[in-house]
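Here are my notes for your read-through. Keep the model open beside them and check each point as you go.

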Amino acid sequence: MEQSVIEIKNLVKRYKDLLALDHLNMEVRQGEVFGLLGPNGSGKTTAINCILGLLSYDKGEIRVFGKPMEADSYESKREIGVVMQNVAVFDELTVVENIDYFCGLYVRDKKERKRLVEEAVQFVELEEFRKFYPPKLSGGLLRRLNIACGIAHKPKLIFLDEPTVAVDPQSRNKILEGILELNRQGTTVVYTSHYMEEVEQICSRILIMDKGRPLATGTKEELKQMIKMGEKITVDVSDLKEEELQAVRNMKHVFQADYTDGKLYVQCSGGSHNLVNVLGYLSEREVSFGRVYSELPTLNDVFLEITGKQLRD
Ligand SMILES: Nc1ncnc2c1ncn2[C@@H]1O[C@H](COP(=O)(O)OP(=O)(O)OP(=O)(O)O)[C@@H](O)[C@H]1O
């Protein structure tokens, strides 16, 4: 079993009357890309700020690298990199000077720092922009600078809080690839997002949260196995009789079937050959059909089934 890098037990955080974290339990293991997935306002940033010792909390326990995390846990903090949602760089310093400043908070030796800063510049591919000032950078490039500032000192644990919000697709892909590369180099990553596709793409384990509460944790496969739905089939059918729809509903593994606007929607719970069975039945009844799609459940389906609402409302 991999070592725990973060352990949170029964964390409760209130902002006056608002319960922002309601008995949050969470464990992040060494070497994983851990995804914290939840809609806006579900408590992701609050959880991170508590873990970082930046925010006091009402109840619970937080351990990072096996030790309790306090405001003055400098030894642990030196091993942590943070890339927060809002870009926080100095407009009057160039790209290189900004990275050097943040790296300098952890690394005193100038020669060593020069090497680390250069590595960070290359890592986020800002070589052409070394001498640029932040106001001259596009949104995507600014994000990449923000990331470079957070990772230049080579922390063992990195928090990235929604690093791709309002970023163009090219920069977004670079950011996601960069995170995976850091992870391959041995860094443990905590990644928060309300974009389920990103979380599916890069995270090895995921905690789904809503209203400050942890709803489910596991690999994406484990999360999908928790829900009833296994496969969603859509078939374009111009004419389907009520008895035929009923027959589809009665098929093995089918738990819901609807027919609206010339489309037959079938939801299956596990099982294999569902698509073949549905199409086989339609052929047998000489029902003509057009396009056919089959989709596996997404994390949004998991979220929908657990909470009754869409992840992105
Ligand atoms: N400083 C604060 N004072 C009062 N309420 C706050 C404060 N910070 C956050 N909240 C509230 O606490 C809840 C959790 O917010 P938080 O920012 O942790 O959520 P989040 O999941 O990170 O959302 P987002 O993706 O929008 O950042 C929200 O209802 C938010 O309005």
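**Notes on the model**

1. Start just after α11, where Gly308 takes a positive phi of about 80°. Keep in mind that this is a predicted model.

2. Now step back into the helix itself. α11 covers residues 299-307, and its buried residues are Leu299, Asp301, Val302 and Phe303. What do the buried residues of α11 pack against? Their partners are two helices and three strands by label: α7 (196-202) and α8 (220-225), then β3 (33-37), β9 (205-210) and β10 (213-218).

3. Next, look at the ligand. It is surrounded by 13 residues. Tyr15, Asn40, Lys44, Thr45 and Thr46 are the closest. At least two residues of the shell come from β2 (18-29), and at least two from α1 (44-51). α1 gives the largest share, three residues. Sorted by class, the shell holds eight polar, three nonpolar and two charged residues.

4. Turn to a helix pair. Two packed helices are described by the angle between their axes and the distance between the axes. For α3 (residues 95-104) and α4 (residues 110-123), the angle is about 125° and the axes lie 10 Å apart. Therefore α3 counts as oblique to α4. The crossing of α3 past α4 is right-handed.

5. Which residues make this contact? From α3 come Val96, Ile99, Asp100, Cys103 and Gly104. They meet Arg113, Leu116, Val117, Ala120 and Val121 of α4. By class, the contact of α3 with α4 has seven nonpolar residues, two charged and one polar.

Definitions and conventions. Residues are numbered from 1 along each chain as its sequence is written. This is a predicted model: local features need pLDDT of at least 70, side-chain atom pairs count only at pLDDT 80 or more; totals for chains, interfaces and linings use all residues. A residue is near a molecule or strand if its C-beta atom, placed from the backbone, lies within 6 Å of it. Helices (H or I, at least four residues) and strands (E, at least two) are DSSP runs, numbered from the N terminus. Ala, Val, Leu, Ile, Met, Phe, Trp, Tyr, Cys and Pro count as nonpolar, Asp, Glu, Lys and Arg as charged, and the others, Gly among them, as polar. A residue is buried if 20 or more other C-beta atoms lie within 10 Å of its own, exposed if 12 or fewer, and partly exposed in between; C-beta atoms are placed from the backbone. Two residues are in contact if their C-beta atoms, placed from the backbone, lie within 7 Å. Axes are lines fitted to C-alpha atoms, for helices over the stretch in contact, and angles run from 0 to 180 degrees between N-to-C directions. Angles under 35 degrees count as roughly parallel, over 145 as roughly antiparallel, 65 to 115 as roughly perpendicular and the rest as oblique. A crossing is left-handed if the near helix is turned anticlockwise from the far one by less than a right angle, and right-handed if clockwise.
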